[in-house]
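Hi,

Here is the structure I promised to pass on. Have a look at it first, and then read my notes underneath.

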Amino acid sequence: MKIMGIDPGLKATGYGVVESGVSGRPRPLEVGSIEPKARAAFSEKLLKIHALVGEIIQRQKPDVVVLEKLYSHSAHPMTASIMGHARGVIYLACAQHNVPVMEESPKRIRKAVVGNGNASKEQTRRVVAGILKVDPLKLTLDASDALALALGYSSMKRVDLMAGK
């Protein structure tokens with residue numbers, strides 16, 4: 001099963017595609033960050049995210065995309081609105097390529113991957129790098145979060161399969 005994780009953001013949208021089976025070690029197929037130009041117009045940033053996510057989906061043909069669930073913090077109410085736009089163009093790219101989207105919370109993913117839902121981004125990067133046997137310094141925090149989404153979903157799905165769900 002090919003799973004693509006996406007950690008959406010306007011400054012950087014991390015993505016990672018892993019191949020995972022019921023048994024055996026998951027292996028990374030592609031990982032990176034989509035980083036629109038800081039001074040680009042809002043619409044141009046969204047267009048770049050949409051186009052590149054579409055290209056990655058077309059190239060990798062994932063079975064599912066796992067997107068970080070939207071959460072908002074009362075100290076930053078506009079963040080949820082801005083993130084909603086980025087998530088919208090990602091959903092659109094997935095729909096255009098007939099790829100189902102699952103949403104998972106960062107805490108649930110970190111619990112599945114790291115064993116601690118409150119793990120830091122740095123801790124998550126170290127664990128993800130260890131699982132996939134890659135150099136943690138070559139992973140941006142956004143890309144490692146995206147890989148964590150894919151790995152966490154794979155792990156939770158494997159548990160469901162073993163339980164007969």
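Below is what I found, going from the sheet to the helices and then to the cores.

Before anything else, keep in mind that this is a predicted model.

**The sheet**

The place to start is an open sheet of 5 strands, with mixed pairing and the order S3-S2-S1-S4-S5. Its edges are strand S3 (27–34) and strand S5 (101–104); each has a single partner strand, so one side of each has no neighbour in the sheet. On average, neighbouring strands are turned by 20° against each other, if you ignore direction.

Strand S4 (residues 64–68) is the one I spent the most time on. S4 and S5 run parallel and are joined by 4 bridges. On the other pairing, S1 also runs parallel to S4, again with 4 bridges. If you want to check the register, Val66 stands opposite Met102 in S5, and Leu67 stands opposite Glu103 in S5. Leu67 is also the bridge partner of Ile6.

How many residues of S4 are buried? The count is 5 of the 5, so S4 is largely enclosed by the rest of the structure. Val64, Val66 and Glu68 point one way from the strand, while Val65 and Leu67 point the other way, and all are buried. Do notice that Glu68 is in that buried set.

**The helices**

Helix H1 (residues 42–60) has 19 residues and reaches 27 Å from its first C-alpha to its last, close to the 27 Å expected at 1.5 Å a residue. Its buried residues are Lys45, Leu46, Ile49, His50, Val53, Gly54, Ile56, Ile57 and Gln60. Looking down the axis of H1, you will see these buried residues fall within an arc of 165°, so they line one face of the helix. What do they pack against? The partners are S1, S2, S3, S4 and H2. Turned away from that buried side is a face carrying the exposed residues Ser43 and Leu47. Just after H1, Lys61 takes a positive phi of about 50°.

Helix H2 (residues 77–96) lies across strand S1 (2–7), strand S2 (13–19), S4 and S5. Relative to S4, H2 runs at about 175°.

In helix H3 (residues 106–113), Pro106, Ile109, Arg110 and Val113 are the buried residues. Seen down the axis of H3, they fall within an arc of 95°, so they line one face of the helix. Gly115, just after H3, has a positive phi of about 95°.

Helix H4 (residues 121–132) has 12 residues, and its first and last C-alpha atoms span 16 Å, close to the 16 Å expected at 1.5 Å a residue. Thr124, Val128, Ala129 and Leu132 are its buried residues. They fall within an arc of 130° when you look down the axis of H4, so here too one face of the helix is lined by buried residues. Just after H4 comes Lys133, with a positive phi of about 55°.

**The cores**

The largest nonpolar core has 19 residues. Which of them have the most contacts inside it? Those are Met4, Ile6, Ile49, Val53, Ile57, Val65 and Ile90. S1, S2, H1, S4 and H2 are the elements that give two or more residues to this core. Val53 is a handy residue to centre your view on: leaving aside its neighbours within four places in sequence, Val53 is in contact with Ile6, Ile34, Ile90 and Ala93.

There is also a second, separate core of 17 residues, which includes Val18, Val113, Leu147 and Ala148.

**The start of the chain**

One last spot to look at is Met1, in the segment before S1. Is Met1 buried or partly exposed? Its relative accessible area is 42%, and that makes Met1 partly exposed. Leaving aside neighbours within four places in sequence, Met1 is in contact with Val18, Glu19, Ser20, Asp63 and Val64. Of these, Val18 belongs to the second core, and Val64 is one of the buried residues of S4. The C-alpha atoms of Met1 and Ile56 are separated by 16 Å, with their positions 55 residues apart along the chain.

Cheers

Key. Residues numbered from 1 in each chain as written. Predicted model: local features only at pLDDT ≥ 70, side-chain atom pairs only at ≥ 80, totals over all residues. Heavy atoms only, no water. Pairing = 2+ DSSP bridges. Axes fitted to C-alpha atoms, helices over the stretch in contact; angles between N-to-C directions. Contact = heavy atoms within 4.5 Å. Expected span 1.5 Å × (residues − 1). Buried < 20%, exposed > 50% of the residue type's maximum accessible area, 1.4 Å probe, protein only. Arc of directions from axis to C-beta. Core = buried A, V, L, I, M, F, W, Y, C linked by side-chain atoms within 4.5 Å.
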